[in-house]
Amino acid sequence: MFSQLLVNALIAASIYLVVAAGISLAYSVTRFFHFAHAAVIACGAYSVFVLHVWVGLPLSISALIAAPLGGAVGLALELLIYRPLRRKAAGPLVLLLASIGAYVVLQNVMSLAFGDASRSIRPTSVQEGLPFLGARITCVQLISIAVALALLIILLTAFVRTRWGKMARAVMSDPELASVSGINVDGVILWVSFVASMLAATGGILQSLDVDMTPTMGMTALLAGVVAAVVGGIGRLPGVVLGAIFLALAQHLSTWIISTQWQDAIAFAILLAFLIFRPEGFMGKKVRETTV
Amino acid sequence: MTNDWLRIDGLAKSFDGVKALAGFSCSLREGEILGLLGPNGAGKTTLFNVISGFLAPESGNVVLRGVNLTGKPPHRIATAGIARTFQDLRLIRQLSVLDNVLLSFRDQPGERLGNVFFRGKSSQDQEAANRNEATSLLEECGLAEKANDPAEDLSYGQQKLLSLVCCLAAKADLLLLDEPVAGIAPEMIEKMLGIIRDLPNQGKSVMLIEHDLDAVMQVCDRVVFMDAGVKVSEGTPEEVRNDPKVIEAYIA
Amino acid sequence: MMLEIRKLDTGYGKKQVLFGLSMEVRNGEIVAIIGPNGAGKSTVLKAVCGLIPAWNGRMCFDGTTTNGSTPAQNVARGITFAPQGNRVFAGLNVMENLQIGGFQVPRKELRGRIAQVLDVFPVLKDRAKQDAGNLSGGEQQMLALARALIARPKLLMLDEPSLGLSPNLVRSVFGKIVEINRDTGVSILIVEQKVREVLRVCNRVYSLKLGKLAYDGTPEELRDDKGKLKELFL
Amino acid sequence: MEYLLHILILIGIYVILASSLNLIAGYAGLLSIAHAAFFGVGAYVAVLMGLHWETPFLVNLAAAVVFCGILGGVVGAPGLRIRDDYFVIATFAFQVIAFSVLNNWVSLTGGPMGLPGIPQPVIFGWTVSSHWEFLVLTGGCCAAVLWICHKIVTSPFGRMLKAIREDEVFAQAAGKNVAACKVLVFAIGAAMAAVAGVMYAHYISFIDPTSFTVMESIFIISIVIIGGAGSMWGPVLGAVVLVALPEVLRFVGLPSAVAANVRQILYGGALVAMMMWRPQGLLGEYAFRKGEAQQ
């Protein structure tokens with residue numbers, strides 16, 4: 001029982017991790033909470049649905065196409081909405097409100113296209129699951145953990161090693177200095193949006209492999225991602241790993257004591273506690289305070 | 001001589017290990033205009049922020065008329081008789097010029113919600129009286145025509161003037177003015193200095209930070225020169241100007 | 001002529017800081033801008049590098065007008081800028097900071113250039129893998145200088161490189177500045193409060209007061225004339 | 001005719017919700033995604049009291065108002081420590097927790113099944129039963145809420161709220177107790193939302209948690225912003241337009257299944273468009289831009 005809870009937590013953590021990494025990345029370069037991420041998450045899942053179920057491509061290929069498609073949605077949002085707003089010197093609240101509007105639109109477009117009922121890309125036959133330390137884990141779940149880990153490693157490496165990664169970190173660290181160093185800050189924001197949205201879409205795909213998809217599925221995933229990102233410390237990838245694991249453990253181990261329906265409430269109680277008492281999270285730097 | 005009308009004693013404050021104030025002390029007499037000079041990073045604005053309660057000092061005291069104000073929240077200090085302006089010029093830009101002045105009156109009965117609903121008459125009377133007073137203050141300073149324009153429509157100089165008028169409406173005894181004439185046109189400088197010079201006649205005391213030395217010479221009774229968070233020199237504007245330590249601090 | 005500024009008006013929001021300022025930097029010169037606080041010294045550098053727009057007037061670099069250029073375009077033209085306060089990318093290590101500085105440099109050349117710059121700043125060589133945020137103030141200032149040099153600028157602009165440094169460190173930072181100028185022939189425009197130090201190293205001096213030019217001449221004239229200095233500052 | 005009355009009653013309820021959120025977000029600048037939570041908690045408190053203890057309607061209403069007021073003060077308090085977008089996230093968290101409680105505390109709230117059979121309100125012997133009577137009751141509450149809002153925003157207290165919204169530092173330097181003010185206004189706004197909740201519950205005579213979701217909060221925010229934050233009549237206009245919108249869509253012949261989505265697409269799109277071209281909304285004055293301190 002206990003080891004099954006741990007395994008469940010691990011699976012949840014892997015999805016949180018992917019989503020939270022995207023949120024954290026996007027927030028640390030753009031400095032606002034990108035609400036429409038929730039829609040991008042669902043976009044990822046529905047793209048796979050269309051490609052796999054309607055077009056008939058194999059699942060793996062569908063997923064490989066769907067992730068960049070999600071990224072493209074993020075790119076479009078950045079180009080059509082956020083960049084023009086930033087040009088008008090819009091603050092974080094204006095951007096946040098615009099992204100809420102964008103979420104509402106995208107989510108309802110998906111509702112119109114696919115209906116509110118849940119859709120599934122899960123393999124039809126129920127899988128037994130492989131025994132694993134006294135628990136059971138399905139193949140799909142193993143794959144999702146592997147994908148999350150692989151993405152994280154790729155991301156971390158890219159951040160440390162590549163030129164683009166360094167540019168992104170420079171912009172996170174000091175946007176003004178980055179611009180006088182000759183970095184095109186707008187360009188960096190653009191491709192970080194792409195990567196972050198691709199991560200969000202991947203999160204959606206992984207989730208839809210485990211449970212079914214609905215147009216509003218992104219909201220819960222986004223919220224878990226926000227919690228993991230804030231708990232870990234916005235802008236710190238290693239912190240995000242910690243945050244995702246912490247959140248997943250807290251949610252799943254608490255099912256020893258209370259029923260599973262309370263998982264959302266637990267996640268948000270954790271978030272509230274962190275926002276009030278330690279808004280910089282486990283590893284982050286202090287968030288801005290009022291300065292005189 | 002009531003030398004300790006305002007007493008500032010051994011204030012210390014550091015940011016990330018850098019000492020902005022390192023045991024700064026000085027005092028102010030009633031009705032005195034004191035200029036604060038010093039190079040960038042000398043700790044002048046930090047001093048204002050500590051006096052007005054926006055920063056808590058690590059040690060030291062600020063005592064106004066025998067009342068220790070150290071560590072009190074800004075709104076308490078503001079109601080205890082201290083008004084200030086800001087270097088980056090804070091006003092409520094979207095509100096009208098008149099509203100900005102009206103906001104600055106302290107302890108308005110109409111700002112208590114209970115009075116709004118249950119003692120409407122008395123708070124309305126007070127509001128009307130404040131409105132008259134605000135209008136006449138604006139008239140004296142030549143901003144009356146703009147009273148109903150949003151504050152952001154004023155020129156930079158007029159905005160600075162308005163922030164001074166706000167301090168007058170506060171009926172504070174001590175005014176902390178952070179660069180009152182920086183970046184404004186010469187005629188406006190004259191006007192501002194005229195108002196500031198007249199403040200002691202109304203029983204008010206002033207501390208001001210200003211880089212325009214001519215302005216300081218014109219209005220200040222006394223000047224304190226600070227560097228690296230401590231007082232380096234003190235005296236009449238002429239004395240400080242001729243103090244070799246001062247020129248040394250600038251060019252060192 | 002490396003940099004020519006003609007009748008520049010600019011400021012922040014509604015606040016005008018510079019009033020009809022004209023100045024120039026010739027090839028290979030070290031030019032200092034001094035003056036009391038609030039004179040608009042840093043504003044000159046920010047306007048030249050493109051962080052704030054010019055309201056009026058003209059800025060001309062190496063024969064091209066740069067009004068309205070972005071900082072990135074100016075870096076490509078050969079203007080680099082080390083802003084005030086030992087600004088480095090705190091989350092990146094020393095090597096990465098240098099790579100960011102040379103990010104417009106062709107990749108093949110970058111390694112060699114970094115090696116060259118590190119030869120000028122041996123302190124940084126030992127710290128190559130450390131996070132820039134953990135360096136001392138002096139080392140951060142060296143790094144800020146080094147970062148601005150990687151791109152091999154024609155004009156290097158420094159905003160108070162001495163800020164927060166001990167007198168010894170100030171000496172060594174200024175020593176480096178002279179060395180760089182002598183070895184590479186880069187023109188340097190430097191804003192500085194530590195007047196005595198900067199007068200020792202520069203070829204020409206401008207002094208600003210309340211956004212206007214108050215003095216234009218050679219450091220020798222000023223160095224010995226305390227009366228003149230006092231007039232400029234007090 | 002009844003149909004028209006139904007729309008008018010709904011508009012009345014949303015005017016209360018939007019005007020109260022406008023106090024919090026439009027005047028005090030505390031953008032909150034928790035308004036549907038107060039709406040719901042108010043409804044549940046009154047209904048549960050009526051069902052279990054059979055207390056009179058006015059007592060239930062008063063209890064819901066007081067309860068939500070206190071809860072609002074508690075939820076608004078984090079606003080003293082965290083600001084802007086982090087505050088939005090914190091209210092969001094509260095919204096989700098509140099929904100979760102309504103949905104999962106089955107023994108008290110009936111969970112997803114909701115609470116059916118809510119009795120008609122009786123006020124001093126007057127049984128509110130017909131659409132007309134509900135319209136009178138809702139209209140009366142609506143008028144009271146608007147009158148209170150009007151009193152607040154035209155008083156020096158309202159001026160102080162605007163000052164806090166635009167520049168807290170200036171407000172503090174002018175001697176205003178910013179912290180107390182924020183908590184107070186958040187509590188008042190929450191209490192007013194409870195009034196709307198009580199009206200809604202008794203009018204529909206059935207409540208379940210799905211009426212009080214995050215999306216509902218977003219809808220209320222959209223009303224305020226599209227109508228115009230920081231103005232008395234902006235949210236009223238917004239409520240009329242956005243509540244009547246699906247009926248208009250139905251009128252032009254969209255099937256109702258599609259109309260619900262189209263309505264949301266329209267208001268989501270309007271939200272984006274407002275941010276792009278008119279962040280102060282149709283009638284408002286607050287553009288969610290904090291006084292940008294220059295250099």
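These are legends for a handful of close-up views of a predicted model.

The model is predicted, so local features need pLDDT of at least 70 and side-chain atom pairs count only at pLDDT 80 or more, whereas totals for chains, interfaces and linings use all residues. Residues are numbered from 1 along each chain as its sequence is written, chains are lettered from A and ligands numbered from 1 in the order in which they are written, and side-chain values use heavy atoms, with hydrogens and water left out.

**View 1. Where chain A meets chain C.** Chain A brings 16 residues to this contact and chain C brings 21 residues; contact here means heavy atoms within 4.5 Å. About 1,800 Å² is buried between the two chains, with carbon and sulfur atoms giving 58% of that. Buried area is the accessible area (1.4 Å probe) that two parts lose on being put together, summed over both. On the chain A side, R163(A), L177(A) and V180(A) supply 34% of the area that chain A buries against chain C, more than any other three residues.

**View 2. Salt bridges and helices at the contact of chains A and C.** The rule finds three salt bridges across this interface, a salt bridge being a side-chain nitrogen of Lys or Arg within 4 Å of a carboxyl oxygen of Asp or Glu. R169(A) pairs up with E96(C) in a salt bridge, with the closest N and O atoms 2.8 Å apart. Eight residue pairs are also in polar contact across the interface, both residues at pLDDT 80 or more. (A polar contact is a pair of N or O atoms within 3.5 Å; within protein, one must be able to donate a hydrogen and the other to accept it, and residues adjacent in sequence count only if both atoms are side-chain atoms.) Both α6 (163-173) and α7 (175-180) of chain A each supply at least two residues of the side that touches chain C, and α6(A) gives the largest share, six residues. Helices (H or I, at least four residues) and strands (E, at least two) are DSSP runs, numbered from the N terminus.

**View 3. I207(D) in the largest nonpolar core.** This core has 296 residues, and L162(B), F233(C) and I207(D) touch the most other members. A nonpolar core is a set of buried Ala, Val, Leu, Ile, Met, Phe, Trp, Tyr and Cys residues joined through side-chain atoms within 4.5 Å; buried means under 20% relative accessible area, exposed over 50%, and partly exposed in between (1.4 Å probe, protein chains only). Not counting residues up to four places away in sequence, the residues that I207(D) touches include Y44(D), V47(D), I118(D), Y200(D) and F212(D). Apart from the largest core lies another, of 60 residues, with F159(A), F61(C), F89(C) and Y206(C) among them.

**View 4. Helix α10 of chain B and its cover.** The buried residues of this helix (residues 244-251) are V246(B), I247(B), A249(B), Y250(B) and I251(B). Their cover includes β9 (222-227), β10 (230-235) and α9 (237-242) of chain B, together with α8 (195-201) and α10 (226-233) of chain C. D243(B) caps the N-terminal end of α10(B), with a side-chain oxygen 2.8 Å from the backbone nitrogen of K245(B).

**View 5. Two salt bridges between chains B and D.** K176(D) and E111(B) form one, their closest N and O atoms being 2.9 Å apart. K176(D) sits in the loop between α8 (168-173) and α9 (178-204) of chain D, while E111(B) is in the loop between α3 and α4 (113-118) of chain B. Both K176(D) and E111(B) are buried. R159(D) forms a salt bridge with E127(B), at 2.7 Å between the closest N and O atoms. R159(D) lies in helix α7 (residues 156-166) of chain D and E127(B) in helix α5 (residues 120-140) of chain B, so this pair joins two chains. R159(D) is buried at 7% relative accessible area, and E127(B) counts as buried at 13%.

**View 6. A salt bridge within chain B.** The side chains of E133(B) and K171(B) meet at 3.5 Å, N to O. E133(B) is in helix α5 and K171(B) in the loop between α6 (156-169) and β7 (174-178), so the pair ties together parts 38 residues apart in sequence. E133(B) is partly exposed at 30% relative accessible area, and K171(B) is partly exposed at 46%. Elsewhere, salt bridges that share partners join R29(B), E32(B), R222(B), K231(B) and E234(B) into one network.
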